[in-house]
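Student: I'd like to go through this one with you, starting with helix packing and then moving on to pockets and odd backbone spots. Could you pull it up?

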Amino acid sequence: MLAAFHNIKKIDGRFKKIFYEYGLPKNQAIKKNFESIVKIIIGQQISTNVAKKIYERLIQNNMINEKILSEASIEELKYFGLSSQKSFYIKNLATLSLNNQLDIYSLDKLTSEEVTDVLLPIKGIGQWTINNFKIFALQDVNAWPSADLALQEAVKILMNLIKRPNQIEMEKLGKNWEPYRGAAALFLWHFYNKVKSKSAKL
């Protein structure tokens with residue numbers, strides 16, 4: 001990913017400006033395992049802080065385990081702050097992994113397209129989850145979570161747009177940063193967090 005950061009700066013000078021002002025994004029790599037996919041599913045469509053609290057509650061109660069999660073009831077999982085839907089998604093994922101119907105640990109041996117083909121049919125796992133897993137766990141330098149709202153907001157600020165670009169517009173914009181869209185995404189999240197932090201202090 002480090003090499004991809006330097007390459008994206010060459011493709012688009014705006015990333016060079018982000019680098020000079022805020023430095024490189026921190027290493028946020030996560031393990032290529034069941035736990036990481038669960039963490040990303042928890043983070044779907046809720047704030048980072050809320051997702052972090054739910055995940056920490058599950059960890060503290062030793063719940064992040066395929067066998068335990070597959071046997072837990074929906075009501076038990078809702079106790080930790082999960083919705084009924086996410087409780088079902090995580091239980092289903094745990095069951096698939098436990099029964100060897102999904103081999104998460106071999107995903108890094110597949111192409112980016114093959115990873116999508118394996119994960120997309122699983123309930124609760126869409127393109128956003130897949131692309132986040134690709135970036136943070138598989139270190140895919142070209143994954144592009146175009147539906148991510150923070151990423152869309154970052155692009156809006158960086159490009160001085162009147163409104164936040166939608167997913168279709170983000171897909172078009174992302175083509176300019178291939179084959180380093182994953183590095184661009186990490187730079188943009190880094191930029192957005194720094195801008196937000198600066199605004200909060202004013």
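Student: At what angle do H8 and H9 pack, and how far apart are their axes?
Tutor: In this predicted model, where local features need pLDDT of at least 70, side-chain atom pairs count only at pLDDT 80 or more, and totals for chains, interfaces and linings use all residues, H8 and H9 pack at an angle of about 135° with their axes 10 Å apart, and they are therefore oblique to each other. Angles under 35 degrees count as roughly parallel, over 145 as roughly antiparallel, 65 to 115 as roughly perpendicular, and the rest as oblique. The axes are lines fitted to C-alpha atoms, for helices over the stretch in contact, and the angle runs from 0 to 180 degrees between N-to-C directions.

Student: And where do H8 and H9 sit in the chain?
Tutor: H8 spans 112–119 and H9 spans 127–136, with helices taken as DSSP runs (H or I, at least four residues) numbered from the N terminus. Residues are numbered from 1 along each chain as its sequence is written, and side-chain values use heavy atoms, with hydrogens and water left out.

Student: Left- or right-handed, the way H8 passes H9?
Tutor: H8 passes H9 in a right-handed crossing, that is, the near helix is turned clockwise from the far one by less than a right angle, whereas anticlockwise would be left-handed. Ser 112, Val 115, Thr 116 and Leu 119 in H8 meet Gln 127, Ile 130, Phe 133 and Lys 134 in H9, where contact means heavy atoms within 4.5 Å. The residues of this contact divide into four nonpolar, three polar and one charged, with Ala, Val, Leu, Ile, Met, Phe, Trp, Tyr, Cys and Pro counted as nonpolar, Asp, Glu, Lys and Arg as charged, and the others, Gly among them, as polar.

Student: What about H3 and H9, how do those pack?
Tutor: H3 and H9 pack at an angle of about 135°, with their axes 10 Å apart, which makes H3 oblique to H9. Their crossing is right-handed, and Ser 36, Ile 37, Ile 40 and Ile 41 in H3 meet Trp 128, Thr 129, Asn 132 and Phe 133 in H9. By class, the contact of H3 with H9 has five nonpolar, three polar and no charged residues.

Student: OK, switching topic: what's the volume of the largest pocket, and how many residues line it?
Tutor: The volume of the largest pocket is about 1600 Å³, and 35 residues line this pocket, of which Gly 43, Thr 48, Trp 128, Asn 132 and Asp 148 lie nearest its centre. A pocket is an open set of points on a 1 Å grid over the protein atoms alone, where a 1.4 Å probe fits with protein on both sides within 12 Å along at least five of seven lines, and lining residues have an atom within 4 Å of a point. Points are joined across faces, edges and corners, and the volume is the space filled by probe spheres set on them.

Student: Which helix gives the most to that lining?
Tutor: H12 does, with seven residues, while H3, H4, H7, H9 and H10 are among the helices that each supply at least two. The lining of the largest pocket holds 16 nonpolar, 12 polar and seven charged residues.

Student: And the second largest pocket, what lies nearest its centre?
Tutor: Gln 127, Asn 131, Lys 134, Trp 144 and Arg 181 lie nearest the centre of the second largest pocket, among 18 lining residues, and its volume is about 220 Å³. H9 brings the largest share of that lining, four residues, and by class the lining has five nonpolar, seven polar and six charged residues.

Student: Last thing, the backbone: which peptide bond is cis?
Tutor: The bond from Glu 178 to Pro 179 is cis, with omega near 0°, and Pro 179 lies in the loop between H11 and H12. In the loop between H3 and H4 there is Gln 45, which has a positive phi of about 60° although it is not a glycine.
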